[in-house]
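Please explain where empty space is enclosed within this protein and which residues surround it.

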Amino acid sequence: MTMRIFVPGDSGALAVGADAVAAAITAEAARQELAVTLVRNGSRGLYWLEPLVEVETPAGRIAFGPVAPSDVPELVAALADPSPRGEGPPRGGGGAAPFTTHPLYLGLTEEIPFLKRQTRFTFARCGVVDPLSLDDYKAAGGLKGLAAALALAPEAIVDQVTQSGLRGRGGAGFPTGIKWKTVLAAEGSRKFVVTNADEGDSGTFADRMLMEGDPLILIEGMIIAGLAVGASHGYIYSRSEYPHANDVMAKALAIAERAGLLGTDILGSGRSFSIELRIGAGAYVCGEETALLESIEGKRGQVRAKPPLPAIKGLFGAPTVINNVLSLASVPFILAEGPAAFAAVGFGRSRGTMAVQLAGNIRHGGLFETGFGITLGALVDDIGGGTATGRPVKAVQVGGPLGAYFPPALFDTPFDYEAFAARDGLIGHGGIVVFDDTVEMARQARFAMEFCAIESCGKCTPCRIGSTRGVEVVDRIIAGRDVDANAALLADLCETMKFGSLCALGGFTPYPVMSALTHFREDFGLLPPNGRMEAAE
Amino acid sequence: MSQSRHGDDRTAVEPKDLSGAQRDELSAIIARFETVEGATLPILHAIQSAFGFIPPAAAPIVAEKLNRSRAEIHGVVTFYHDFRSQPAGRHVLKLCRAEACQSMGAERVARLVEAGLGVTMGETTADGRVTLEPVYCLGLCAVAPAAMVDGRVVGRLDEAKAGALIAEVAP
Ligand SMILES: Cc1cc2nc3c(=O)[nH]c(=O)nc-3n(C[C@H](O)[C@H](O)[C@H](O)COP(=O)(O)O)c2cc1C
Ligand code: SF4
Ligand code: FES
């Protein structure tokens, strides 16, 4: 009997040596004459444990991690030890298998609290299946949503998505069903479905992880979107910074074409849909939907004025659905399990699950898919385990480079679009970046302005020029020159950017800047809001 | 800020003529995308992967084939951070400078690498071995700080790993 061993091929795992671990397992298994089938799965999203090696046992998959190549000989020896084989993990009763005493043994993967506490709708298969096996995909519930959609009229598909309450996961939280309805109703000799996979926000990696771990779900979601709005061609616009994801995605597209999932006769239904993968060229602003469309058309990635909405006049002038990877990947679940199952979890107007990404200086960094409504503090402290350095948390930036910095005093904020907006923040694409008490918040404000200056598309003056001025003003504050006057100037500048910018790059850069200035006044050499320095107390 | 896409004057590079073989290669690349709608970026990516950069002399040829003006193609090439108008070093080392990596000491790593290679961000070593570039997020934010060396990803960078990277690209 051959033993199935899983070593992720996810970039996050590769970045910490997964390939070397896989090679060591193959070599060591051969040396110890253990018959092994090695599967390169996606990541489970428990990045502090990567490379996370899993082994199939009769009781379920068991995990070891983080595994270094030097751990492998001992690990393989433990797995090869035949004594009480087949008994599974010790807590399940029976004789303890020898591998259960291995120092990296984590027990049943599904029982690891970080994973067990999640609600995985979209990432249910990620890290579980072989990403490029259509059989695995089907065996784990894949294509059920598409089968359901093929039996429905376009209006009925759109209705289901609307009823689910799904809101765009790219940041703006716009209701997906309403967007689709507009495209369905729009006149056009052709229509397009575009996936926004330009995941540029620091602290986010959910799109990448899904494209690497379960690429077929995105393909299924896009086909359903095509059926819903009457489009027969789609594009995935990904980024050049994601070579592994792009490679997996390209292979998955080829597999889907060969299997007749894509093409002129989707699963024998007579309907057609094709998908092209396009790669950006290093421009953050191309994540903005209209800049992205310009980029696919072969132009500079400059933001278009709206209206017209892309839903009416989008790619090549045709009605276009443009959605984030996670929005489209949520759709197969909705069609397969019904909109009510999706809407059953969530908070207020934020329905379903959110793939929260815990990043930066955090002990348990990774992907945590959960219903909206969990508090920021629960995510950072309970689930994330506080900082990786063990120092106190000073600030967390939520929602990427355009998101606000929150101090622990705001940790009671529920993860929800409206709740964050009410506190001058945003959840964006769900990234949370944790900083310990060594961070200097004036420097973070400076970086926000600098990033805006580097990535501005150049169309509006407040964004293009204002951001460069912003860097200079923060520099003067850091140097301690006319701090009060310069802080006031910075606030003015932020107002100008907020109201004079065409898109959220210029318009939201004030969020990180002003939140730093408001919540961390001391870091700017200003008196705290109560007017007294703590030291003076 | 030399990285900004405004006021960066890459036309200063002397346009060198392409050899006959290079012209043929260029034509073949463009022909491959004949049926592709909006082929400009795919073509530019293919040119850069074949030549290592976008030779200034290639832009007018691409423009003609795509029925666009030279200025438009030049505008596209200069807009995107990825496209180079000069060849890079033999190795390209990209260090992530974005927030999640900052929170784990990316700035210290960057200074270390700059000192080790004797260049600053955006420069190529005098011997042409290494180009050091900033990148803003590699999606490895949970294993920060992160880097990419010739397409290979590296996470949890610390002093030792940064040293090993330097030794690898500039032995
Ligand atoms: C500067 C900027 C960058 C953006 N980057 C992304 C991105 O990387 N991915 C994404 O899905 N949306 C991004 N957006 C939001 C898109 O404009 C758009 O709202 C989204 O693609 C719509 O899809 P959704 O409704 O499924 O979220 C960005 C917006 C701005 C202003
Ligand atoms: S705000 Fe900035 S990025 Fe957005 S359109 Fe204006 S100049 Fe371009
Ligand atoms: S911020 Fe560095 S990899 Fe995301």
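The paragraphs below take up the cavities of this predicted model, beginning with the largest.

Rolling a probe the size of a water molecule over the atoms shows where empty space is left. When the whole structure is searched, 4 cavities of 30 Å³ or more are found, and the largest of them has a volume of about 80 Å³. Its lining is made up of 13 residues, of which A:Val303, A:Cys457, A:Cys460, A:Cys463 and A:Cys503 are the closest to the centre of the cavity; by class, the lining of this largest cavity comprises 8 nonpolar, 4 polar and 1 charged residues.

The largest cavity is where ligand 2 sits. Ligand 2 is surrounded by 13 residues, the closest being A:Cys457, A:Lys459, A:Cys460, A:Cys463 and A:Cys503, and its shell divides into 8 nonpolar, 4 polar and 1 charged residues.

The second largest cavity, with a volume of about 60 Å³, is lined by A:Thr122, A:Phe123, A:Arg169, A:Leu326, A:Ser330, A:Thr353, A:Met354, A:Ala355 and A:Glu369. Two or more of these lining residues come from each of the elements α13 (325-337) and β12 (353-360) of chain A, and β12(A) gives the largest share, 3 residues. In terms of class, the lining of the second largest cavity holds 4 nonpolar, 3 polar and 2 charged residues. Because domain 2 (134-343) and domain 3 (346-436) of chain A both contribute residues to this lining, the second largest cavity lies between the two domains.

Methods. Residues are numbered from 1 along each chain as its sequence is written. Chains are lettered from A and ligands numbered from 1 in the order in which they are written. This is a predicted model: local features need pLDDT of at least 70, side-chain atom pairs count only at pLDDT 80 or more; totals for chains, interfaces and linings use all residues. Side-chain values use heavy atoms; hydrogens and water are left out. A residue is near a molecule or strand if one of its heavy atoms lies within 4 Å of it. On a 1 Å grid over the protein atoms alone, a cavity is a set of points where a 1.4 Å probe fits but cannot get out, and a pocket is an open set with protein on both sides within 12 Å along at least five of seven lines; lining residues have an atom within 4 Å of a point. A molecule sits in a cavity or pocket if more than half of its atoms lie within 2 Å of its grid points. Ala, Val, Leu, Ile, Met, Phe, Trp, Tyr, Cys and Pro count as nonpolar, Asp, Glu, Lys and Arg as charged, and the others, Gly among them, as polar. Grid points are joined across faces, edges and corners, and a volume is the space filled by probe spheres set on the points. Helices (H or I, at least four residues) and strands (E, at least two) are DSSP runs, numbered from the N terminus. Domain bounds come from an automatic or database domain assignment.
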